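This report examines the architecture of a single protein chain and the contacts between its charged side chains. The sequence and structure are shown first.

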Amino acid sequence: MSATADHAEERTNPAARLGFQPEQVVQEIGYDEDVDQELREAIEEVIGSDLVDEDYDDVADAVVLWFRDEDGDLTDALVDAITYIEEGGSILLLTPKTGRDGYVEPSDISEAATTAGLSASKSVSVGKDWSGSRLVTPKAAKSGKK
């Protein structure tokens with residue numbers, strides 16, 4: 001694909017906008033029938049392969065974490081997700097939008113991310129029913145430091 005096509009895709013493909021790159025290994029956690037299939041397909045299109053599931057036994061470049069209020073403790077889910085990514089990797093936390101079943105308060109996301117040792121970007125709309133927050137480890141946020 002040409003550089004021009006890459007830039008055009010970044011504007012139209014939400015997965016490219018969220019920072020996914022070709023050939024990344026992306027692990028998906030929390031898959032259920034309510035997930036946004038279009039977003040999943042967009043991520044797979046950008047990375048050039050299928051998402052790997054929770055049983056994947058190696059480190060991933062990124063994690064897509066679908067999380068609903070009834071899924072348990074968000075801090076625990078984030079700490080678990082960190083163990084799946086390589087240093088410098090990121091977690092895309094996807095939660096239902098306001099008014100949808102399973103909605104998670106932004107303050108709960110911020111608190112859980114901080115407790116888990118992650119830095120959160122602002123929330124972005126990634127589909128009709130889901131919002132996403134890109135979470136990074138502090139090491140990844142401060143590139144250049146060891």
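The following paragraphs treat the overall fold, the strands and helices, the salt bridges and the backbone.

**Overall fold**

The model is a predicted one. The protein contains six helices and six strands, and along the sequence these follow the pattern α-α-β-α-β-α-β-α-β-β-β-α. Of the 146 residues in the protein, 42% are buried. When contacts between residues at least 6 apart in sequence are considered, 72% of them join residues at least 24 apart.

**Strands β1 and β2 and the crossover between them**

In a regular strand, side chains alternate between the two faces of the sheet. In β1, V26 and E28 point one way, while Q27 and I29 point the other way. Each of these four residues is buried. Strand β1 pairs with β2 in the parallel sense, and the pairing extends over four bridges. Within this pairing, Q27 stands opposite V63 of β2. Between the two strands the chain passes through helix α3 (residues 37–47), and the resulting β-α-β crossover is left-handed.

**Helix α3**

The buried residues of α3 are L39, R40, A42, I43, E44, V46 and I47. The N-terminal end of α3 is capped by D36, a side-chain oxygen of which lies 3.0 Å from the backbone nitrogen of E38. Just after α3, G48 adopts a positive phi of about 80°.

**Helix α4**

Helix α4 spans residues 74–82, and its buried residues are L74, T75, A77, L78 and A81. Viewed down the axis of α4, these residues fall within an arc of 160°, so they line one face of the helix. The elements that cover the buried residues of α4 include β1 (26–29), β2 (60–66), β3 (85–96), α5 (106–115) and β6 (130–136).

The N-terminal end of α4 is capped by D73: one of its side-chain oxygens lies 3.2 Å from the backbone nitrogen of T75. T75 itself lies in helix α4. Its relative accessible area is 18%, and T75 is therefore buried, the cut-off being under 20%. Apart from neighbours within four places in sequence, T75 is in contact with A112, T115 and A116.

**Salt bridges**

Side chains of opposite charge can pair when their charged atoms come close. The structure holds five salt bridges; the table lists some of them.

| Side chains | Distance, N to O |
|---|---|
| R40 and E28 | 2.7 Å |
| R68 and D34 | 2.8 Å |
| D71 and R68 | 2.9 Å |

How far apart in the chain are R40 and E28? The salt bridge between R40 and E28 links distant parts of the chain, with R40 in helix α3 and E28 in strand β1, 12 residues apart. R40 is buried, with a relative accessible area of 14%, and E28 is buried as well, with a value of 7%.

The side chains of R68 and D34 also meet in a salt bridge. This pair likewise links distant parts of the chain: R68 belongs to the loop between β2 and α4, D34 belongs to the loop between β1 and α3, and 34 residues separate them. R68 has a relative accessibility of 5% and counts as buried. D34, at 35% relative accessibility, counts as partly exposed.

R68 forms a salt bridge with D71 as well. At 37% relative accessibility, D71 counts as partly exposed. D34, R68 and D71 are thus linked in a network of salt bridges. Within this network, R68 is buried, whereas D34 and D71 are partly exposed.

**A positive phi in a loop**

Most residues other than glycine have a negative phi. Which phi does E23 have? The phi of E23 is positive, at about 70°, although E23 is not a glycine. E23 lies in the loop between α2 (14–17) and β1. With a relative accessible area of 73%, E23 is exposed.

Conventions: Residues are numbered from 1 along each chain as its sequence is written. Side-chain values use heavy atoms; hydrogens and water are left out. Buried means under 20% relative accessible area, exposed over 50%, partly exposed in between (1.4 Å probe, protein chains only). The arc is that of the directions from the helix axis to the C-beta atoms. Contact means heavy atoms within 4.5 Å. A polar contact is a pair of N or O atoms within 3.5 Å; within protein, one must be able to donate a hydrogen and the other to accept it, and residues adjacent in sequence count only if both atoms are side-chain atoms. Two strands pair if DSSP finds at least two bridges between them. A crossover is right-handed if, with the strands pointing away from the viewer, the path from the first strand over the helix to the second runs clockwise. A salt bridge is a side-chain nitrogen of Lys or Arg within 4 Å of a carboxyl oxygen of Asp or Glu.
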